[in-house]
Amino acid sequence: MATSETAVSGVGPLAEQEHEGTYAGGLWSWLTTVDHKRIGILYFVTGFLFLLIAGVEGELIRLQLARPENRLLDPEFYNQLFTMHGTTMVFFAGMPLIVAAFNIVVPLQIGARDVAFPRLNAFSYWVFLFAGVFLYASFFFGGAPDGGWFAYTPLTSKQYSPGTGIDFYVLALLLGGIGTIAGGVNFLVTIINMRAPGVRLMRMPLFTWMTFVTSVLILLAFPPLTVGLAFMLFDRMFDTVFFNAAAGGDPLLWQHLFWVFGHPEVYILILPAFGIVSDVIPTFSKKPLFGYPVVVFSGVLIAFLGFGVWVHHMFATGLGPIVNAVFGGATMLIAIPTGVKIFNWIATMWGGSLRFHPAMLFAVGLVATFVVGGISGVMHSSPPADLQQTDTYFVVAHFHYVLIGGTVFGLFSGFYYWFSKVTGRLLHEGLGKWHFWLTFLALNVTFFPMHFSGLLGQPRRTFTYAEGLGLETYNLISTIGALLFVVAFVPLIANLLYAWRRGGPAGPNPWDASTLEWTMSSPPPHYNFAVIPEVEARDPLWVRYDRETAPGEDVGARPLLQPEVPPKPVHMPSPSFWPLVLSVGLLIATIGFLTGLVVNLIGVGVTLIGLYGWAFEPAD
Amino acid sequence: MNDRKALVLTLVLGAAALQACGGDYPQSALHPQSDFATRLDELFRGIFWWAVGVFVVVEGILIATLFRYREKRRQERPKPIHGHTGLEIGWTLVPALILVAIAIPTVRTIFVVDRPPPEADLTVEVIGKQWWWEFQIPELDIVTANEVHVPVGRTVEFRVRSADVLHSFWVPRLGGKRDLVPGRENMLWFTADTAGVFWGQCAEYCGTSHALMSFRIIAAQEADFESWVARMQEPAVAPQEQMARLGAGVFMSNACVGCHRIEGTPAQGIVGPDLTHVGSRTTIAAGVLENTPENLARWIKTPQEIKPGNYMPYVALTDEQVDQLVAYLLSLK
């Protein structure tokens, strides 16, 4: 393993001179930061906390289901728990952790000093944070939402859900959606406009590529959700009848709008994970990605097809044979580009020299477990087969294999890969391996039995099941597996403590990786690149390796490594508190829907002040 | 009276036999007992074996790769290989062909199961309500709840609709799911192969007690079905025993009468389940409890404890009154 002794950390003297106090500590510096790395850290920490909260909710669900006719939790609370578990995992844990990776990695991978709109980036984070906190406030004001993360009408109408829980759900997702869409725009523009010379589209690292594709998905998928949520808000608060069948509305309209968003959302959650492993596997195989253009375009194709398959969530709603046949066929098509990715990852490892660093273990774990989730996905792409599988634990098994075996494994792979870049410290590899194997075990012990319990007749979203159904053993095993997830977290936490107290310096490129984020010190200086790099190949660091250094020579000494001090002054965006003001304004306006028009108006006022302050803020 | 007892006995024994031969999974999709469920199961089994094949091949190649190319000491840097067009075409085409092999039987099955049955011998109307099921057979003038009999070997069409929120009608051994959508009528049909008690359950989340919205479909041989129909078409029997007669009085003078219907009596409520023949049902509270005197008494005394959020209110009755009521209800065979 080649490491460099010339590692530098912190900011070069010239930058300090230019931007005195930019990286000063203290709360104010975090509240006003527009630095993509710091915003990435904020996203990571917040998303991780939500992951823990939603994880506890999942554990409670499993404890309740440990035995039949259990009376540990009452059904009202159970229904709140599975609603909040799903909603949190998707919107407030999965997506923010992915956006954390976008923030930390993308500018570094394309040779940029920040994202295209740094203040908008900060705004996205604050809005997400406030939306999450607002959603959880529901527990203290009359109960959390209990309509499921999918919030099907008419159960979520005022008539059948008169409390405020559903209002919290609708408003939190509307508020959070603003930040998400802003983030999508930001990364799209960043990747199109901010690439360093020579970073052509077909030279971009796969993670950046998948960020690009995901940003397009966000831009196209969130508007239908926003429209649906607005309809729901109007139905609940202003007595409109969009979803009211008795008055000429249609409850299926919500399902269409929700899943036109909801299915692409699945790819929003998985494609970045695919991007991460597409970067990690070559690094730890010491071999370039096999079939780069095919892997890129299969990702694009998955995203494209993802908009034409939403009805597979609705095969039992009675839309007729033609619709079911078309959407079933379209769903099956997605298996092809997904399979192509799997084969290209295996081909990348074939003939390589595989080093099983924890990042690599999680990447390989993704390949192995995503196959299971992918295959069960093909099983319910067949509409008649799905008539038995939909809304049962078989589907619960399927999407947890995809979301844990795919998204979470991908994110952990990225965590072990880029942690050292962000912090400058090395994690303990042994603890990382324990973390992987325990998580892998927990995943399979928890979710594999659910294939059986589902096919044997256990529907989803049920707070209990009858004793005579023969489901006792499967459910008990699942609960034991769920407790293993708790055990699996211990080595992760221990590893963070280890890195904090004893982790050795990482150096610029601890894994001998090939992409631009490994050319500067760890952690990177505020300005990322002292000199904007010029790139001449897909794996810029390895090309120089091939050309200029003999095998075994110190990689850190290669010419592409960034100088410690910028030769010319670097201009960086100034911190700003206006994004925070604007977000607070939107939060107050949102709260107004529950408390009264005056609060709405105050919120709008603060929002306008924030907008003006932002617009007229001097550039320096 | 005697032939009714014989019927119940037959059903119980039939159910026991079924449990014995099909494992103890009364709600399993893997043990089909109708033409419809068998079609779904055959399709599923075909896809399942393709899936097993793909799983074994892909995981096998993966594990072999991981072992063969694990890092060794003093290894040369691996040769960079950027791709191979032939391989890319191969692993695009092979999965595509497998999918075609899955898609053809899929589409064939879709055009059978998503269409009305070739001919239906009997039509049952299913109305889902939070959290119980109403079954109507208009052609036979039958209204009942949470349990319906169907004849073996005859095609039964279920027209499903909802009175409130979304529900899904699912009796896995006989048919797949069909959602009950307000403002629409959906359809499902099957021909049961064998006599037996088949468990069903709501499969679309419908609120607080969604988990407690079960039902039973009892497939019976022709003669047994006919006698069930004849019995269901009669109005409620007048209570004979003293306890039951007192119970009828309790029923008619309390809130019960406002929500439940007992044909042939002044009780004509339509909010709750029809109780004209409640004594002959195998379960109460929509498949939640076995229909025993103890359970029925519990249900009357603590309906919210047994099924939280349901619309049956607590009615203040003395223990004696409850016992009388139970005697009356169970006499309604």
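Which residue in E8(B) is the bridge partner of Phe158(B)? Leu188(B) is, and the legends below lead up to that pair and beyond it. Please keep in mind throughout that this is a predicted model.

**Figure 1. Chain A is built from helices.** Welcome to chain A, where you will find 18 helices and zero strands. Its C-alpha trace spans about 70 × 60 × 45 Å along the principal axes. The radius of gyration is 24 Å, and because a compact globule of 620 residues would have a value near 25 Å, chain A agrees with that expectation. Of its 620 residues, 61% count as buried. If you look at the contacts in chain A with a separation of 6 or more, 82% of them link residues that are 24 or more positions apart.

**Figure 2. Chain B mixes helices and strands.** Here you can pick out nine helices and twelve strands. Chain B has a radius of gyration of 26 Å, while the globule rule gives 20 Å for 333 residues, so chain B is more spread out than a compact globule. Along the principal axes, its C-alpha trace spans about 95 × 45 × 40 Å. Buried residues make up 45% of the 333 residues of this chain. Among the contacts in chain B with a separation of 6 or more, 68% come from residues 24 or more positions apart.

**Figure 3. Five strands of chain B form an open sheet.** Follow the strands of chain B in the order E3-E2-E1-E5-E8, and you will meet mixed pairing on the way. Strand E3 (142–145) and E8 of chain B stand at the edges with a single partner strand each, so one side of each is left without a neighbour in the sheet. On average, neighbouring strands of this sheet are turned by 25° against each other, direction ignored.

**Figure 4. Strand E5 of chain B sits between two partners, E1 and E8.** On one side, strand E1 (residues 122–129) of chain B pairs with strand E5 (residues 155–162) of chain B in the parallel sense, over seven bridges. Two of the matches are worth finding: Thr123(B) has Glu157(B) of E5(B) as its bridge partner, and Val124(B) stands opposite Phe158(B) in E5(B). On the other side, E5(B) and strand E8 (residues 186–191) of chain B run antiparallel and are joined by six bridges. This is where the opening question belongs, with Phe158(B) matched to Leu188(B) in E8(B). As a general reminder, strands of a sheet pair through backbone hydrogen bonds, either parallel or antiparallel.

**Figure 5. A three-stranded open sheet in chain B has a helix lying across two of its strands.** The strand order here is E4-E10-E9 (chain B), again with mixed pairing. Strand E4 (147–151) and strand E9 (196–201) of chain B are the edge strands, each with a single partner strand, so one side of each is left without a neighbour in the sheet. The average turn between neighbouring strands of this sheet is 25°, direction ignored. E4(B) and strand E10 (residues 214–220) of chain B run parallel, joined by five bridges. Within that pairing, look for His149(B), which stands opposite Ile218(B) in E10(B). Helix H4 (residues 222–233) of chain B lies across E4 and E10 of chain B, and runs at about 135° to E4(B).

**Figure 6. The largest nonpolar core has 277 residues.** The members that touch the most other members are Leu271(A), Val277(A), Val280(A), Phe362(A), Ala363(A) and Ala286(B). Helix H4 (residues 75–110) of chain A gives the most to this core, with 21 residues. For a closer look, start at Ala286(B): beyond its neighbours within four places in sequence, its contacts include Trp131(B), Trp132(B), Trp133(B) and Asn146(B). Leu212(B), Met213(B), Ser214(B) and Phe215(B) are also in contact with Ala286(B). Another core, of five residues, lies apart from the largest one, and its members include Met520(A), Phe529(A), Ala530(A) and Val570(A).

**Figure 7. Chains A and B meet at a contact.** Here 76 residues from chain B face 72 residues from chain A. On the side of chain B that touches chain A, helix H2 (35–68), helix H3 (85–113) and strand E7 (178–180) of chain B each supply at least two residues. H3(B) gives the largest share of that side, with 15 residues. By type, the residues on this side of chain B divide into 40 nonpolar, 19 polar and 17 charged.

How values were computed
Residues are numbered from 1 along each chain as its sequence is written. Chains are lettered from A and ligands numbered from 1 in the order in which they are written. This is a predicted model: local features need pLDDT of at least 70, side-chain atom pairs count only at pLDDT 80 or more; totals for chains, interfaces and linings use all residues. A nonpolar core is a set of buried Ala, Val, Leu, Ile, Met, Phe, Trp, Tyr and Cys residues joined through C-beta atoms within 7 Å. A residue is buried if 20 or more other C-beta atoms lie within 10 Å of its own, exposed if 12 or fewer, and partly exposed in between; C-beta atoms are placed from the backbone. Helices (H or I, at least four residues) and strands (E, at least two) are DSSP runs, numbered from the N terminus. Two residues are in contact if their C-beta atoms, placed from the backbone, lie within 7 Å. Two strands pair if DSSP finds at least two bridges between them. The radius of gyration is taken over C-alpha atoms; the globule rule is 2.2 Å times the number of residues to the power 0.38. Ala, Val, Leu, Ile, Met, Phe, Trp, Tyr, Cys and Pro count as nonpolar, Asp, Glu, Lys and Arg as charged, and the others, Gly among them, as polar. Axes are lines fitted to C-alpha atoms, for helices over the stretch in contact, and angles run from 0 to 180 degrees between N-to-C directions.
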